[in-house]
Amino acid sequence: MAGFRLDRLLSASGKYTRSEAKDLIRKGKVTVDGVCVTKAETKCEDLADIIVCGVPLNFREYHYIMLNKPAGVLSATEDRRDTVALELLSEQYRALKLFPAGRLDKDAEGFLLLTNDGKLAHGLMSPRRHVDKCYYVRVAGSLDDTDCTAFEHGVIIDGDYQTMPAKLEILKSGDESEACVTVQEGRFHQVKKMFLSRGKCVLYLKRLSIAGVRLDDALNPGEYRVLTEEEEAQMKREIES
Ligand code: URA
């Protein structure tokens, strides 16, 4: 995992400016997991045990992890048979009782947010907040403008439910087509059912972004990192706007 610069973690606590942080580190006043660190650019996890002048750095109440969920893993906290997303985290993070903010099918890949912030998770999932979730899909069959229009107007799924307006961008059309679809709700198998309503079966599904925050290209399936401060703020802005 990439981790954060030590000076950045100190200043993010709100107790020190960036230059105060650099100064304290340079003077040997900071230990990370019991080891004195004197380079401000040293990368460490936000869960590391950081002590400044003998005083522990702020305790973080909420944690936000961007996971690139691989296919075959459940977006759940526990399961008797299958591997669940939380099992992909290090022991330190597993102890935090995080949960997935929204579902991603077992066979789907991509951005799964793991957090213990119930307010943010609820806001991201609530259709009333109109938070964009963008997916890349490969489907069997061709796509054209009539599919885009249908998605824009809403299609019928689950027998009688009309979906909210969704944006379909066709990347490639043929026997097998590729597209990006942006939806603002998250019913069970939502995207797959929307394509099925147009007579097309989804072959591959990957979530690319949530609330304007893109899945980090550097994360291979199964890898994760902490959201940056900007990403966290962006998600919070989205649920409040
Ligand atoms: N839509 C689906 O069909 N599946 C997902 O996992 C997410 C959105």
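Here are some questions and answers about a predicted model of a protein with a ligand.

User: Which helix gives the most to the shell around the ligand?

Analyst: Let's start with who is there: the ligand is surrounded by Leu104, Asp105, Ala108, Tyr135, His189, Gln190, Val191, Lys192 and Leu205. Now look for a helix that spans part of that list. The one giving the most, with three residues, covers residues 190–196, and that is helix 6.

User: How many residues of each class, nonpolar, polar and charged, does the shell around the ligand have?

Analyst: Tyr counts as nonpolar here, just like Leu, Ala and Val. Asp and Lys go in the charged group. Sorted that way, the shell has five nonpolar, two polar and two charged residues.

User: How much of the ligand's accessible area does the protein cover?

Analyst: Check the polar contacts before the area. Oxygen atoms of the ligand sit 2.6 Å from a polar backbone atom of aspartate 105, 3.0 Å from one of lysine 192 and 3.5 Å from one of glutamine 190. On its own, the ligand has 240 Å² of accessible area, and the protein's share of cover is 96%.

User: Is lysine 192 buried or exposed?

Analyst: This lysine forms a salt bridge with aspartate 107, with the closest N and O atoms 2.7 Å apart. Lysine 192 is in helix 6 while aspartate 107 is in the loop between strand 8 and strand 9, so the pair ties together parts 85 residues apart in sequence. For burial, the cut-off is under 20% relative accessible area. Lysine 192 has 16%, so it is buried.

User: Which residue forms a salt bridge with lysine 193?

Analyst: Lysine 193 is in helix 6, and its partner is in the loop between strand 11 and strand 12, 35 residues apart from it. At 22% relative accessibility, lysine 193 counts as partly exposed, and the partner counts as partly exposed too, at 37%. Their closest N and O atoms are 2.7 Å apart, and the partner is aspartate 158.

User: How far apart are the closest N and O atoms of glutamate 178 and lysine 172?

Analyst: Glutamate 178 is partly exposed at 21% relative accessibility, and lysine 172 is partly exposed at 43%. A salt bridge here needs the atoms within 4 Å. This pair does form one, with a distance of 3.9 Å.

User: Which residues is threonine 228 in contact with, leaving aside its neighbours within four places in sequence?

Analyst: Threonine 228 is in the loop between strand 17 and helix 7. Its relative accessibility is 18%, so it counts as buried. With those sequence neighbours left aside, its contacts are Phe4 and Arg8.

Terms used
Residues are numbered from 1 along each chain as its sequence is written. This is a predicted model: local features need pLDDT of at least 70, side-chain atom pairs count only at pLDDT 80 or more; totals for chains, interfaces and linings use all residues. Side-chain values use heavy atoms; hydrogens and water are left out. A residue is near a molecule or strand if one of its heavy atoms lies within 4 Å of it. A polar contact is a pair of N or O atoms within 3.5 Å; within protein, one must be able to donate a hydrogen and the other to accept it, and residues adjacent in sequence count only if both atoms are side-chain atoms. Accessible areas come from the Shrake-Rupley method with a 1.4 Å probe; for residues, only the protein chains shown count as cover. Helices (H or I, at least four residues) and strands (E, at least two) are DSSP runs, numbered from the N terminus. Buried means under 20% relative accessible area, exposed over 50%, partly exposed in between (1.4 Å probe, protein chains only). Contact means heavy atoms within 4.5 Å. A salt bridge is a side-chain nitrogen of Lys or Arg within 4 Å of a carboxyl oxygen of Asp or Glu.
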